[in-house]
Amino acid sequence: MIPYCDTIILSDLHLGSEVSRAGDALRLLKHSCFERLILLGDIFCDLNFGRLKRDHWKLLSYIRKLSNPKRGIEVVWVEGNHDHGLSLVMSHLVGIKVYQQYVWEYRGVRHLAIHGHQFDRFLTDNALLGSLASAAFLLLQKLDLGQRRLSKLVDRLDTRWRRHSAKVAAGALAHARTHHAQRVFCGHTHLAMQGAEDGIEYFNTGCWIQAAATFITVDEQGVQIHEYERTDDRYPGEERGDFAAEVADFPDAAGLLDDAEYEGVCS
């Protein structure tokens, strides 16, 4: 889907959620060619691995394969508020390092990626209320059958009510300024957007729990926000796979898969 780019950035997959579009994200990665993958936070919805479905495990397994040094692809995980507490687990399970923020240079431009919850004062000042709201949203997803339109509507209304986007953008731009970055990338708000202030560009990746799943590419042409093209109208709702069977896809931390076991990515 992406013939070639230097970097792909996606965030807010919320694996374990009933509305996570993990299968679509897997297809995107398998049919794209890139040098760097940045997972910009909230890859999981919580610490309960029992909620992970078969396509969620498949995506994690593929990310593990991409992180093999033989591939020459840099895979970066930036921690989000829903990922908190998973850093050590994921570093071992998926084989990639987890950062609080990540800075890199490309074509003379300093880029900074941070999830964005750090700039959400409502969340930082009301941690308990935020946890209760997340639990309630997960329950709503279970009760909201079919295409889960109510769940998606509630997510959009919550973003607008708390003015997530404007607050996170302002905080991110100020943060980029203090770190001398010319471009800053966030997730968290679930709404893709871009803007600029005082020569600093801001981009938000959007999310993968809405009908319009979005991601970002960085290449010699600049930064672009893309919407994933759906092939059908249903949400991936595969049955929850057996834990042992799916985890078997993950090799021991000391082992590496042979090149013959890889699919996609520039092949």
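**Exercise 1. Around helix α7**

Find the residue with a positive phi that follows α7, and describe the helix itself.

*Solution.* Start just past the helix: α7 is followed by His180, whose phi is positive, near 55°. This is a predicted model, in which local features need pLDDT of at least 70 and side-chain atom pairs count only at pLDDT 80 or more, while totals for chains, interfaces and linings use all residues. Residues are numbered from 1 along each chain as its sequence is written, and side-chain values use heavy atoms, with hydrogens and water left out.

Next, take the helix limits. Helices (H or I, at least four residues) and strands (E, at least two) are DSSP runs, numbered from the N terminus. Helix α7 covers residues 164-178, which is 15 residues. From first C-alpha to last it reaches 21 Å, close to the 21 Å expected at 1.5 Å a residue; the expected span is 1.5 Å times one less than the number of residues.

Then look at burial (buried: under 20% relative accessible area, exposed: over 50%, partly exposed in between, with a 1.4 Å probe and protein chains only). The buried residues of α7 include His164, Val168, Leu173 and His175.

**Exercise 2. The sheet under the helix**

Work out which strands stand at the edges of the five-stranded open sheet, and why one side of each has no neighbour.

*Solution.* First, read the order: β5-β6-β7-β9-β8, with mixed pairing. Two strands pair if DSSP finds at least two bridges between them. β5 (101-106) and β8 each have a single partner strand, so one side of each is left without a neighbour in the sheet. The twist averages 20° from one strand to the next.

Now zoom in on β8 (residues 193-197) and β9 (residues 200-204), which pair in the antiparallel sense over five bridges. Gln194 stands opposite Phe203, and Ala196 has Glu201 as its bridge partner. The two strands form a hairpin with two residues between them, and Asp198 in the turn has a positive phi of about 50°.

Finally, bring back the helix: α7 lies across β5, β6, β7, β8 and β9, running at about 140° to β9. Axes here are lines fitted to C-alpha atoms, for helices over the stretch in contact, and angles run from 0 to 180 degrees between N-to-C directions.

**Exercise 3. The nonpolar cores**

Identify the residues with the most contacts inside the largest nonpolar core, and the element giving its largest share.

*Solution.* A nonpolar core is a set of buried Ala, Val, Leu, Ile, Met, Phe, Trp, Tyr and Cys residues joined through side-chain atoms within 4.5 Å. The largest has 37 residues, and Phe44 and Trp77 have the most contacts inside it. Its largest share, six residues, comes from α2. Another core lies apart from this one, with 14 residues, among them Ile9, Trp104, Phe203 and Val218.

Next, check α2: 11 of its 13 residues are buried, including Trp57, Leu60 and Ile63.

Last, list partners of Phe44, leaving aside neighbours within four places in sequence: among them are His14, Leu60, Trp77 and Met90. Contact means heavy atoms within 4.5 Å.
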